[in-house]
Amino acid sequence: MIDTFNCSPQQLAIWLSRLVEILRSQGGLTWHNFVHSVAGKTAIIEIDGIQLRLNANHSEPLQVDITDNSDNSESVEAFNFRSEAETLRDLIGGRLTLDKAVATGKINLRGTLSELLGIQKLAMNIIADSAINPQLQQLWKEFDDLWFRPSFPPPVLSLEEQTAQHGELIRNVPNDVLTIEV
């Protein structure tokens, strides 16, 4: 039986709010990158089908409002981040790299190049901080323990077994485009 509160938009919003406050309290480069990446922007994220809207003002101090977006009928193009909890578990656990998750479609990101680079830098900083910050470790443990886990999680390869698949991008180009002769 799934604990519906622990797999709800409200619980996910609580954890994301705590993440923001942990980053704010530790300050430093990660907080600076967070402010630079989100100030004055709105994002829609989806984790395991649960949608949240994040609004970050452009004032000092930065305020981030996190609300349930399940009622809104946003198009697929409106999502800035989409993933599943198992992918996030593998990423935090060091069994999957961020680049591999994005390249294989396990994490879908949408934004301008500078926004995507900012998200990548921020995610790498948070992952690095998680190794030494007990508050981040506790937050992750709560998520890992309480969030829904499928009965049979998909097998995850170790980092050594995640060989690069060369040509991944070209496989997404339609054949009629590939056959154009210049």
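In this predicted model, helix α2, spanning residues 28-38, buries Thr30, Trp31, Asn33, Phe34 and Ser37. These residues lie on the same side of α2, because the arc they cover around the axis is only 160 degrees. Their packing partners are α1 (9-26), β3 (64-68) and α5 (113-130). The face of α2 turned away from this buried side tells the other half of the story: the exposed residues Gly28, Leu29 and His36 are found there. Just after α2 comes Gly40, whose phi is positive, at about 75 degrees.

It is helpful to place this helix within the chain as a whole. The protein chain contains 7 helices and 5 strands, and their order along the sequence reads α-α-β-β-β-β-α-α-β-α-α-α. The chain has 182 residues, and 34% of them count as buried. Among contacts with a separation of 6 or more, 62% are made by residues 24 or more positions apart. The accessible surface of the chain amounts to about 11500 Å², and carbon and sulfur atoms supply 58% of that area.

A second site worth a visit is Arg89, which is located in helix α3 (residues 85-92). Is this arginine buried or exposed? Arg89 counts as buried because its relative accessibility is 2%, where the cut-off for burial is under 20%. Leaving aside residues up to four places away in sequence, Arg89 touches Arg95, Trp140, Phe143, Asp144, Trp147, Phe148 and Arg149. One of these neighbours, Phe148, also offers its backbone oxygen, which sits 3.3 Å from a polar atom of the Arg89 side chain. The surroundings of this buried arginine thus include the aromatic residues Trp140, Phe143, Trp147 and Phe148, along with Asp144 and two further arginines, Arg95 and Arg149.

The tour ends towards the end of the chain, on the surface. Here Val177, Ile180 and Val182 form a nonpolar patch, and together these three residues present about 380 Å² of accessible area. Val182 belongs to the segment that follows α7 (175-178).

Taken together, these sites offer two views of burial and one of the surface. Helix α2 has a buried side that packs against two helices and a strand, α1, α5 and β3, while Arg89 in α3 is a buried residue in contact with Trp140 and Trp147, among others. The patch of Val177, Ile180 and Val182, by contrast, is a nonpolar feature of the surface.

Methods: Residues are numbered from 1 along each chain as its sequence is written. This is a predicted model: local features need pLDDT of at least 70, side-chain atom pairs count only at pLDDT 80 or more; totals for chains, interfaces and linings use all residues. Side-chain values use heavy atoms; hydrogens and water are left out. Patches are made of residues with over 30% relative accessible area and no salt bridge: like charges are joined within 9 Å, nonpolar side chains (Val, Leu, Ile, Met, Phe, Trp, Tyr) within 5 Å. Accessible areas come from the Shrake-Rupley method with a 1.4 Å probe; for residues, only the protein chains shown count as cover. A salt bridge is a side-chain nitrogen of Lys or Arg within 4 Å of a carboxyl oxygen of Asp or Glu. Helices (H or I, at least four residues) and strands (E, at least two) are DSSP runs, numbered from the N terminus. Buried means under 20% relative accessible area, exposed over 50%, partly exposed in between (1.4 Å probe, protein chains only). The arc is that of the directions from the helix axis to the C-beta atoms. Contact means heavy atoms within 4.5 Å. A polar contact is a pair of N or O atoms within 3.5 Å; within protein, one must be able to donate a hydrogen and the other to accept it, and residues adjacent in sequence count only if both atoms are side-chain atoms.
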